[in-house]
Amino acid sequence: LAHDTKLHSRKVAIKIFRQCLYQETLPAKVTSPYIIVLHEMFEEDGKYYLVMEYIEQSLLGKVHQNGTFLWSEAEKIILQTAEGLSCLHNNKIVHGDLKPSNILVKTEENCLTAKLSDFGLSHSCTEEPTIKGGTPLYLPPPQIRQIKAGDVYSLGLTYYFLLTGRSPKIPLNMAQLPRAVPESFVKILSQSAGYHESLFCC
């Protein structure tokens, strides 16, 4: 955490690396209100500094602190993260590590804005990733792990956590979802977190 004195002393987050990680700079290549903003990157004394928008709380922390969201709030987060992911995919970028702790939630005037963050495992859809890994609970099946469909799968599991407060286990127990969740979304969730044929494309 630091203060950017160039821009009205606003709070920013700074990541420091010993080498320039291409995947960490990917947010600079896309423009979306639902992707974390990378303000600046510079090198000094052999270290690389990424200056990013600072958002205090993740979706994981929000659920642990306040419990699950009402459907009216959850729906906004779902639409925002889906739009952010669509922006990445339209730019041929795979996030590669979607999970509740990598979705940050900004609160301004009682309005929530969700932003995708942490691009350490991201890669171009047309290239083999140089770094592999992920969080077991949200890791896609091997067949789709390195393509866009893997992001859809992981985001579906993240939505399940958002709505139930429970860690996802395959197959998902849809009976745990609140009654307020529309049947149409339950169907989408079932497909995104399953082995649906429409997922197996890049």
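## Exercises on the core and the charged pairs

The largest nonpolar core comprises 42 residues, and Leu59, Phe69, Leu88, Leu162 and Phe185 have the most contacts inside it. A nonpolar core is a set of buried Ala, Val, Leu, Ile, Met, Phe, Trp, Tyr and Cys residues joined through side-chain atoms within 4.5 Å; buried means under 20% relative accessible area, exposed over 50%, and partly exposed in between (1.4 Å probe, protein chains only). The model is predicted: local features need pLDDT of at least 70, side-chain atom pairs count only at pLDDT 80 or more, and totals for chains, interfaces and linings use all residues. Residues are numbered from 1 along each chain as its sequence is written, and side-chain values use heavy atoms, with hydrogens and water left out.

**Exercise 1.** Determine which elements each supply at least two residues of the largest nonpolar core, and list the contacts of leucine 59 beyond its neighbours within four places in sequence.

*Solution.*
1. The elements, taken from DSSP runs (helices: H or I, at least four residues; strands: E, at least two) and numbered from the N terminus, are α1 (59-66), α2 (71-90), β7 (103-108), β8 (111-116), α3 (148-164) and α4 (183-192).
2. Helix α3 gives the largest share of this core, 9 residues.
3. With contact defined as heavy atoms within 4.5 Å, leucine 59 touches Phe69, Ile77, Pro100, Ile103, Val105, Thr158, Phe161 and Leu162.

**Exercise 2.** Describe the salt bridges that involve lysine 106.

*Solution.*
1. A salt bridge places a side-chain nitrogen of Lys or Arg within 4 Å of a carboxyl oxygen of Asp or Glu; the whole structure has 4.
2. Glutamate 53 pairs with lysine 106, with 3.3 Å between the closest N and O atoms.
3. This pair joins distant parts of the chain, since glutamate 53 lies in strand β4 (residues 47-53) and lysine 106 in strand β7, 53 residues apart.
4. Glutamate 53 is buried at 10% relative accessible area, whereas lysine 106 is partly exposed at 25%.
5. Glutamate 108 also bridges to lysine 106, at 3.7 Å.
6. Glu53, Lys106, Glu108 and Lys115 are linked in a network of salt bridges.

**Exercise 3.** Characterise the surroundings of glutamine 80.

*Solution.*
1. Glutamine 80 belongs to helix α2 and is buried, with 11% relative accessible area.
2. Beyond neighbours within four places in sequence, glutamine 80 contacts Tyr34, Leu112, Thr113 and Ala114.
3. The glutamine 80 side chain reaches the backbone oxygen of leucine 112 at 3.3 Å.

Note on methods. Polar contact = N/O pair within 3.5 Å; in protein donor to acceptor, adjacent residues only side chain to side chain.
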